[in-house]
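Thanks for making the time, everyone. I would like to go through one structure with you, slowly, and then take your comments.

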Amino acid sequence: MKVAHVLIALVALGLASCVSAHADSWLVYAEMQNTNIVTYMNATVIVPPAPTTTGGDPAFWPGIEDSKQQSVIQPILKWINRRWYIFNEYVTPEGRDYQTFHEPVSPGDTIFMEITYYSHNTSYVMHIASQETGYENYLSYTPQAGYQYTDAYFSFEHQPNTCAQYPPSNNITFFDTNLSVGGIPVTPSWTTGEVNPACDSTVNVVSPTVVQFLWDSEA
């Protein structure tokens, strides 16, 4: 099994362009806001086909935000140049962006994404894995004092220059979602929203455990 335990060595990418929860790069999203902290979240997704035109960088992820909407913890599936990649990422309240190694994956691969809270050291551990290759990656993050990660999200991110920079499947689905708040499993109740939609992008809450993003790559 190919394993990367990335708990300290990170790539610091400097300041993110926006540290608000609803960043300008978001197209559409599903969210569940809570009064207590999210202590567990997971979801599974199938890597979509490659876009027919390169140059864009669509990204899809489940994640959690702090209640001040200033930072994010997110395992992520992202198209970069000519490949799909998976990695773990967090953005601090100051806007500093930290990412683990980008592992290439292929269309059709099954990707498991998970965030777990550990009360003994008040840290979150992100976990992302490919069922087909056996690769998995972990990243630990300890929130700053005063920041409570109460809000769960699914997000479709990064506007294209042309809609052909999105996968021709015109959809991606997160499924088998589990969510715990304050250490207690809950049935997610998702609400949807948009920030800067493109290419007729929408989000469809199929069920509490299934969230789907749609778009038109020929728009």
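I will start with the nonpolar cores, then turn to a strand residue, and finish with two backbone angles.

Please keep in mind throughout that this is a predicted model. The largest nonpolar core has 46 residues, and the ones with the most contacts inside this core are Ile-73, Leu-77, Phe-154 and Phe-213. If we take Leu-77 and leave aside residues up to four places away in sequence, its contacts include Val-45, Val-47, Pro-48 and Pro-58, and also Trp-84, Tyr-85, Met-113 and Ile-172. Apart from that core there is a second, separate one of 11 residues, which includes Trp-26, Val-72, Phe-87 and Val-91.

Now to the strand residue, Ser-180, which sits in β14, a strand covering residues 171-181. Ser-180 counts as buried because its relative accessibility is 11%, under the 20% limit. Again setting aside residues up to four places away in sequence, Ser-180 touches Ile-37, Val-38, Thr-39, Tyr-40, Pro-185 and Val-186.

That brings me to the backbone, and to a question: which residues other than glycine have a positive phi, here Asn-81 near 60 degrees and Cys-199 at about 55 degrees, and are they buried or exposed? Asn-81 belongs to the loop between β6 (72-80) and β7 (83-91), and with 60% relative accessibility this asparagine is classed as exposed. Cys-199 lies in the loop between β16 (191-194) and β17 (202-207), but with a relative accessible area of 10% this cysteine is buried.

Note on methods. Residues numbered from 1 in each chain as written. Predicted model: local features only at pLDDT ≥ 70, side-chain atom pairs only at ≥ 80, totals over all residues. Heavy atoms only, no water. Helix = DSSP H or I, 4+ residues; strand = E, 2+ residues; numbered from the N terminus. Buried < 20%, exposed > 50% of the residue type's maximum accessible area, 1.4 Å probe, protein only. Core = buried A, V, L, I, M, F, W, Y, C linked by side-chain atoms within 4.5 Å. Contact = heavy atoms within 4.5 Å.
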